[in-house]
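The following exercises concern the structure displayed below. Please attempt each task before reading its solution.

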Amino acid sequence: MSSPGPQKSLQRHPLAGWLMIAPAVVLIATFLVAPFVLAFGYSFTNQRLISPNPTEFVGMRNFEQLLGIGVLTLSPEVDEAGSPVRDDDGALQYPRVRDYTRNNPDYPHLEGMREWFGWNWGNDRVLVLARDLVFMKALTNTLIFVAVVAPVQSALALLLALMINQKLRGINVFRTIYFMPVVVSIVVVSLLWRFIYDGRNGLLNNLLEFLSFGLFQPIDWLGNPDTALWAIIAMSIWQAVGFHMVIWLSGLQTIPVSLYEAAEIEGANAWQKFRFVTWPGLRNTAVLILVVITMQAFALFAQVDVMTDGGPVDSTQVLVFQAVQRGYEQQNIAGGSAISVILFLIVLAISITQRYLTRERT
Amino acid sequence: MAGLEFKDIRKSYGNVEVIKGVDLSIEHGEFVVFVGPSGCGKSTLLRMIAGLEDITDGDLFIGDKRVNTVQPRDRGVAMVFQSYALYPHMTVYDNVGFGLRLNKTPKDERDAKIREAARILQMENLLDRRPAQLSGGQRQRVAIGRAIVRNPDVFLFDEPLSNLDAALRGSMRMEISKLHQQLDATMIYVTHDQVEAMTLADKIVVLNAGVVQQIGSPLELYNYPANLFVAGFIGSPQMNLLPVTVEAVDERTVTVASSDVPSTRIPVASARGIRGGDSITLGLRPHLLAHSEVGGITGKVLLVEHLGNETIANFALNSGEQLVAALPGSAELSNGVTLSLGFDVADARLFGTDGTAIPVADRPFR
């Protein structure tokens with residue numbers, strides 16, 4: 001091969017390689033590395049989106065604010081004789097929580113906290129207080145979302161993959177149908193599902209009414225704190241199940257047909273073939289899918305943003321939504337950054353744990 | 001233990017018929033080889049015995065039970081696959097014992113059977129390994145072990161040696177042959193390699209395009225091919241097939257000649273259906289040609305291959321046909337030399353206009 005002199009020397013120049021990867025490096029640095037580093041940095045400051053005051057380093061204060069929780073045990077009010085006071089319904093009377101969390105010099109560690117949840121312990125009432133109630137709700141909602149979506153979505157996707165992995169006429173139509181929600185923008189899907197979940201004339205209510213011969217009372221799925229998060233969970237599972245189905249499918253198709261044939265001759269029934277041939281053959285796929293779904297589930301944002309805005313009464317608050325709301329709507333960049341950092345650490349910890357639990361044992 | 005009976009077995013995929021009516025009976029303990037070129041239907045036939053393919057038409061009996069609709073696991077067969085089909089996540093021990101585990105054989109009995117199979121196949125030292133840690137030959141051994149422990153009525157082998165290198169193939173071939181004697185089991189073996197067929201089989205079934213061409217012992221097929229296909233398929237180097245014209249016919253002989261072959265009277269058992277002037281085919285095994293000073297077929301040497309024990313020579317004949325001769329020892333031949341080759345008329349085979357063999361005179365057995 002003979003190439004002209006100048007070109008050759010350019011290719012051999014030590015900077016040539018760097019020059020070639022420069023665009024990628026610049027883009028990755030600008031949009032991935034820099035925001036990541038900045039978020040870490042901001043989370044230790046009191047940075048506002050727009051503020052006349054200079055930024056100050058505040059140490060761990062943002063995290064203390066977010067994660068601060070306390071426990072308060074309340075004893076029932078007693079009258080002078082020492083017996084508990086009961087109201088007209090016979091319920092015990094407890095002192096007000098505010099008396100402990102507002103300017104009470106005996107309980108400085110509970111200052112500014114609000115009641116999160118509680119339970120009765122004998123006659124006493126145990127309360128868990130949180131300094132940032134909305135964040136705590138976002139955290140628990142996110143964990144519920146992940147805990148439900150990860151297993152249900154991966155199992156459902158596997159089921160679909162097993163079904164469409166058969167050699168049947170027209171099976172590609174089903175593959176296409178199941179995959180379709182994945183290629184539609186999540187914002188569009190969310191808008192459509194708002195109509196489905198509508199409290200008056202929603203498709204779901206109409207369908208349930210029809211199926212129950214009118215016995216079913218319409219529910220405002222997204223407007224009810226008891227159902228809103230579950231409505232989002234169901235819709236999210238439906239939306240991405242096709243994507244994971246395709247990954248399962250690719251895993252299924254790497255398993256040689258002869259293994260199934262050998263198992264069949266040796267007397268394996270359908271379940272045994274799945275148990276001894278399919279499932280072991282899908283090991284690596286399963287690890288991948290579990291990690292991917294977990295991460296995607298933690299990143300839940302668009303559905304909440306479009307469908308509920310975190311409501312009603314914070315029942316669909318989730319971490320990413322909370323980070324965005326805090327950072328931009330409340331202009332508290334430092335608080336938003338701190339949430340992002342916490343989210344990062346949670347996802348990192350879970351991924352490492354998953355990797356460890358599903359490691360190749362030799 | 002059982003024999004097999006095929007009665008007009010057919011297989012179609014849609015409108016395409018791939019097995020076009022096979023009739024065959026296999027005795028208990030026989031080693032039967034299905035041989036034929038790629039796509040001839042031999043593997044399909046085997047898979048129909050195993051129950052992995054449906055039988056479109058006809059009846060298949062294993063023992064005296066019609067098994068057309070019987071599940072593979074209830075047919076009493078074990079199969080060894082070309083790709084070995086070992087379960088990658090199980091040890092050799094578990095692979096071999098998988099079928100026993102499925103049918104809930106007690107643990108002690110299972111263990112005894114696995115170790116017995118390992119002993120027969122000399123792989124006791126491999127039991128703790130996984131398939132990925134084994135060589136091709138070892139994997140095939142495990143696959144055979146998996147078949148042995150189930151103590152099947154019929155062993156099915158689907159090109160088991162195709163993925164092995166030549167040397168290993170030779171030794172595994174001998175082991176399978178030994179195994180057959182040891183186990184006294186019916187074995188059906190599919191291959192496209194006629195050497196495997198010749199060395200292993202009690203009975204060879206030659207298939208082409210879904211039709212049985214000939215069934216017989218290896219030597220029967222070699223010496224008395226039923227038609228042009230079998231003549232060309234069995235034997236290496238291939239039988240020479242030369243076009244000739246019938247000059248004269250009487251009850252016990254056919255006289256043929258061509259521009260290459262001098263007029264030759266060949267004895268036959270019956271010349272029925274042959275007429276003077278017919279264009280038929282003369283088949284001559286390369287090993288049965290010998291250098292002769294007078295008469296015979298004259299050709300110019302094109303290519304010489306010295307194999308030490310014999311010399312394979314390609315000749316160009318006057319008509320443009322080619323002829324291969326296997327001459328004993330290291331014959332002194334060089335390219336371009338013209339040579340005359342003779343043959344014993346009793347060794348010549350004739351194939352009629354439709355390609356089927358004209359019965360040979362003095363055939364020692366049928």
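Which domains does the domain assignment of chain B give? The model is predicted, so local features need pLDDT of at least 70 and side-chain atom pairs count only at pLDDT 80 or more, while totals for chains, interfaces and linings use all residues. Residues are numbered from 1 along each chain as its sequence is written, and chains are lettered from A and ligands numbered from 1 in the order in which they are written.

**Exercise 1. Describe the domains of chain B and how they meet.**

Step 1. The assignment divides chain B into domain 1 (4–232) and domain 2 (238–351); such bounds come from an automatic or database domain assignment.

Step 2. Taken over C-alpha atoms, the centres of domain 1 and domain 2 of chain B are separated by 38 Å.

Step 3. In chain B, 5 residues of domain 1 are in contact with 7 residues of domain 2, where contact requires C-beta atoms, placed from the backbone, to lie within 7 Å.

Step 4. The side of domain 1 of chain B that touches domain 2 of chain B consists of 3 nonpolar, 2 polar and no charged residues. Here Ala, Val, Leu, Ile, Met, Phe, Trp, Tyr, Cys and Pro count as nonpolar, Asp, Glu, Lys and Arg as charged, and the others, Gly among them, as polar.

**Exercise 2. Trace the pairing of strand S11 (residues 240–249) of chain B.**

Step 1. Strands (E, at least two residues) and helices (H or I, at least four) are DSSP runs, numbered from the N terminus; chain B has 20 strands and 8 helices.

Step 2. S11(B) pairs with strand S14 (residues 279–284) of chain B in the antiparallel sense over 6 bridges; two strands pair if DSSP finds at least two bridges between them. Within S14(B), B:Leu282 stands opposite B:Leu242.

Step 3. S11(B) also pairs with strand S12 (residues 253–257) of chain B, again antiparallel, over 4 bridges. B:Thr255 in S12(B) is the residue opposite B:Ala248, and a hairpin of 3 residues joins S11(B) to S12(B).

**Exercise 3. Characterise the largest nonpolar core.**

Step 1. A nonpolar core is a set of buried Ala, Val, Leu, Ile, Met, Phe, Trp, Tyr and Cys residues joined through C-beta atoms within 7 Å. A residue is buried if 20 or more other C-beta atoms lie within 10 Å of its own, exposed if 12 or fewer, and partly exposed in between, with C-beta atoms placed from the backbone.

Step 2. The largest core has 103 residues, of which B:Val33, B:Ile49, B:Met79 and B:Leu156 touch the most other members. Helix H4 (residues 136–149) of chain B gives the most to this core, 6 residues.

Step 3. Leaving aside residues up to four places away in sequence, B:Met79 touches A:Ala262, A:Ile265, B:Ala50, B:Ala147, B:Leu156 and B:Asp158.

**Exercise 4. Analyse the side of chain A that touches chain B.**

Step 1. Between the chains, 14 residues of chain A are in contact with 16 residues of chain B.

Step 2. Helix H10 (257–265) and helix H11 (270–281) of chain A are the elements that give two or more residues to this side, and H10(A) supplies the largest share, 6 residues.

Step 3. By class, this side of chain A has 8 nonpolar, 3 polar and 3 charged residues.

Technical notes. Contact = placed C-beta atoms within 7 Å.
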